[in-house]
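Keep the sequence and the model side by side. The walk goes from single residues to a sheet, then to a helix and the ligand.

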Amino acid sequence: MTYSDKELGMGLRITRRDFMNGVAMAIAATAVPHGLRAQTAEGEPQNAPGYDPPATIGLRGSHEGSYTVAHAVRDGSFWDHAGAAEATGESYDLVVVGCGISGLSAARFFRQAAGPSARVLLLDPHDDFGGHAKRNEFTVNGVKLLGFGGTYAIESPEPYSPVAQGVVKDLGIDVGSFAKVSDRKLYRSLGLESKIFFDKETFGADKLVVSPTPRRRGNAGASAESESWRRFAADAPISDKAKADLLRLYTSKDDLLPGLTSDEKKAKLARMSYASYLGDLFKADPQVVAMLQPYPADLYGVGIDAVSAQDAWGLGMPGFDGLKLAPGAGPGMGRDAIPNEEAENYFFHFPDGNASIARLLVRSLIPDAVPGSTAQDIVTSQVKYDRLDRAPSPVRIRLSSTVVQVKHVGDPATATEVEITYSQQGRLRTARAGRCVLACWHTMIPFIAPELPEAQQAALRSAEKVPIVYTNVALRNWNAFVKLKAGGTYAPGSFFSSVSLDQRVSIGDYHATTSPDQPIVLTMHRFPCQPGLPARSQHRAGRAQLYATPFEVFERNIREQLARSLGGGGFDPAKDVAAITVNRWPHGYAYQYNSLWDPFWLDGGPPPCAAARKPFGRIAIANADADAYAYTDCAIDQAHRAVSELARV
Ligand SMILES: Cc1cc2nc3c(=O)[nH]c(=O)nc-3n(C[C@H](O)[C@H](O)[C@H](O)COP(=O)(O)OP(=O)(O)OC[C@H]3O[C@@H](n4cnc5c(N)ncnc54)[C@H](O)[C@@H]3O)c2cc1C
């Protein structure tokens, strides 16, 4: 089935015009022509009237212009055309490279230790602060909608450390209050169910089918007698053999590794992919393997061909009952098979995800810039971007600024200052600081701080980033979802592997809409990768794909996938889609070590991130990469460690 541009609404003025405005703002933020510079106060894009990155739609995340300088530095071409750097004459106690949650936390910890008069400058190439913790805003039919463009929630497989919990608490976030601010009954009361969308290209027919098992931890689910299994079996466009194999997978008590102890079985499972386990040991039909392929991508950024069978067991994927594995973490597992109860209960989701945490951190650093005083009013607070970088403030945040060089002034062993060179709007400038925290992505550090020891640079280079796309689609209504009873949809063969209506969370003056006639944000996730390759190579291939994919390709896929999966409920992309924001993260999650691709993970030996994060002279290293753990608590903990190391200088 193919759709014309008109049927999909590709040419609609509202979306186009808004998108063009969005792009215009993003360009203004990153590449203001020389003649215009004088018109913005202090020459910075963020000081221009109307500057409001969260309200920008179109291609966000790592938006156009945010990576141009960094890639030129990486490719070695930057310095050929850079010209001479101009000294700002600015001197700080601390310069922080990277304004993600780690960089913002580092600034906070430093000032807590050094006192409120300590002067801090934070630099970031993006047009907004927060790094992955990105806020998206839409206005549809006069209703303001918020969405998370990256970091979704306070959640971690391990309990937050006392340090990270301390930050959350000091910012005023009452994690325990989540049940009160979220409406968890609405979708259920309307009869929405988990669905699977089978696509024609992979499974022979487009079909939206009820999921045979709730998409959650544990093998609980399909049984031949259950109502959802009967409906799934009747509707799913897969062969009878695949259906029988799927049911066998959920119900089998066969031990596929007889004669081995639980530990011996786990050791074997740790060294084989779940796809191999299904295909080679379980002899599951290829359609079953295809159905489960992208299932763990939300956590790993790759499918079951690159995730170990042991981790699949730990995640509660089916097919292991007969093995009678002992509960608990096996050697080399990424996470414990028994969820940590304290960690599970420590969950909080703001309507804009952890962007609210970034905004609270900025408020604590520059109160003037983020009006309000509570973790409730933060949700609707309008950031005054022109107050982020003002001379009288002890803390300054300078956006659209890529750091290209960090070096000690003189011998690192005895230097009293670090010089930081950054590029903003094509101008190269320097600032100096007594100390520097590199809270940026680790693979960038060897390019900007070549004075670090070679072994440390190699460890930094070994960090990988997981490419991810979080798309927010503002809908005028969601009647089609109710008609089809479609809640969260898993789409194993489609461009976006998951599609879900945003959670209904109301905080402060922000009230989530509750009627299907009202606008809502739909989130669609894609994990670009290349199945069949080792995980790191898959991430690199996915990243290249992502940079090469223009907005129009995302838009067509979004509209077409929604038309194909929801058309039966009357969904009309030309009428129902009000706006689209594609948050593209070529450098997404910190890569997490695992037993399939990182031998030291099973065999022992220090992980590379331990060597990568060592302090050097007056420079310390933070970011979630510093512990190879893609969670906000890690970003905070690593900032705390980095600042503590600097205190000893
Ligand atoms: C789509 C997505 C969803 C996620 N969801 C969750 C979640 O629900 N819960 C959770 O706990 N974690 C989640 N994470 C993980 C998230 O990465 C961490 O929680 C945390 O936000 C990372 O913060 P950070 O400061 O370490 O890194 P980042 O947020 O990546 O910030 C690093 C910053 O460094 C900047 N930088 C890079 N190079 C330079 C340079 N040369 N000069 C200056 N600055 C530079 C970058 O522009 C970036 O802004 C998610 C991540 C992604 C991508």
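Gln538 is found in helix 22, which spans residues 535-547. This is a predicted model, and in it Gln538 has a relative accessible area of 0%. Gln538 is therefore buried, because buried means under 20%. Leaving aside residues up to four places away in sequence, Gln538 touches Val302, Asp305 and Ala306. The other contacts of Gln538 are Pro528, Cys529, Gln530, Pro531, Gly532 and Leu533.

Another buried residue sits in a loop. Asn354 is placed between helix 17 and helix 18, the latter covering 355-365. The relative accessible area of Asn354 is 0%, so Asn354 is buried. What does Asn354 touch, not counting residues up to four places away in sequence? The contacts are Ile101, Ala133, Thr151, Tyr152, Ala153, Ile154, Phe348 and Thr632. Two of these names, Thr151 and Thr632, return with the ligand below. Lys243 is 111 residues from Asn354 along the chain, and 40 Å separates their C-alpha atoms.

Phe320 belongs to the loop that runs between helix 16 (309-314) and helix 17 (341-345). Is Phe320 buried or exposed? Its relative accessibility is 3%, so Phe320 counts as buried. Thr251 lies 69 residues away along the chain, with 9.5 Å between the C-alpha atoms of Thr251 and Phe320.

Now turn to the sheet. It is open and has eight strands, in the order 1-16-12-15-14-13-6-7, with mixed pairing. Strand 1 (58-61) and strand 7 (207-210) are the edge strands, each pairing on one side only. From one strand to the next, the twist averages 25°.

Start at the strand 7 edge. Strand 7 pairs with strand 6 in the antiparallel sense, over four bridges. Strand 6 also pairs with strand 13 (residues 486-490); three bridges join these two, and they run parallel. Ile196 serves to locate both pairings. Opposite Ile196 in strand 7 stands Val209. In strand 13, the bridge partner of Ile196 is Tyr490. Helix 10 (residues 227-235) lies across strand 6 (193-198) and strand 7. The angle between helix 10 and strand 7 is about 160°.

Farther along the sheet order, look at strand 12 (residues 465-475) and strand 15 (residues 520-526). They run antiparallel, joined by seven bridges. One pair to find is Leu475 with Ile520, its bridge partner in strand 15.

Next, pause just before strand 13. Lys485 is in the loop between helix 21 (479-484) and strand 13. What is notable about the phi of Lys485? The angle is near 55°, a positive value in a residue other than glycine. Lys485 has 40% relative accessibility, so Lys485 counts as partly exposed.

Ala628 also has a positive phi, near 45°, and is likewise not glycine. Ala628 is in the loop between strand 17 and helix 27 (632-647). At 10% relative accessibility, Ala628 counts as buried.

Helix 20 covers residues 454-461, and its buried residues are Gln456, Gln457, Ala459 and Leu460. Why do they share one side of helix 20? They cover an arc of only 160° around the axis, which puts them on the same side. On the other side of helix 20, Glu454 and Ala455 are exposed. The buried residues of helix 20 pack against three elements: helix 19 (445-448), helix 26 (608-612) and strand 17 (619-621).

Finish at the ligand. How many residues surround the ligand? There are 34, and the closest are Asp124, His132, Trp441, Ala624 and Thr632. Three polar approaches can be picked out on the model. Val403 uses its backbone: a polar atom there is 3.0 Å from a nitrogen atom of the ligand. Asn623 uses its side chain, where an N or O atom is 3.2 Å from an oxygen atom of the ligand. Thr151 places a polar side-chain atom 3.3 Å from an oxygen atom of the ligand. Thr151 and Thr632 are also among the residues that touch buried Asn354.

Notes: Residues are numbered from 1 along each chain as its sequence is written. This is a predicted model: local features need pLDDT of at least 70, side-chain atom pairs count only at pLDDT 80 or more; totals for chains, interfaces and linings use all residues. Side-chain values use heavy atoms; hydrogens and water are left out. Two strands pair if DSSP finds at least two bridges between them. Axes are lines fitted to C-alpha atoms, for helices over the stretch in contact, and angles run from 0 to 180 degrees between N-to-C directions. Contact means heavy atoms within 4.5 Å. Buried means under 20% relative accessible area, exposed over 50%, partly exposed in between (1.4 Å probe, protein chains only). The arc is that of the directions from the helix axis to the C-beta atoms. A residue is near a molecule or strand if one of its heavy atoms lies within 4 Å of it. A polar contact is a pair of N or O atoms within 3.5 Å; within protein, one must be able to donate a hydrogen and the other to accept it, and residues adjacent in sequence count only if both atoms are side-chain atoms.
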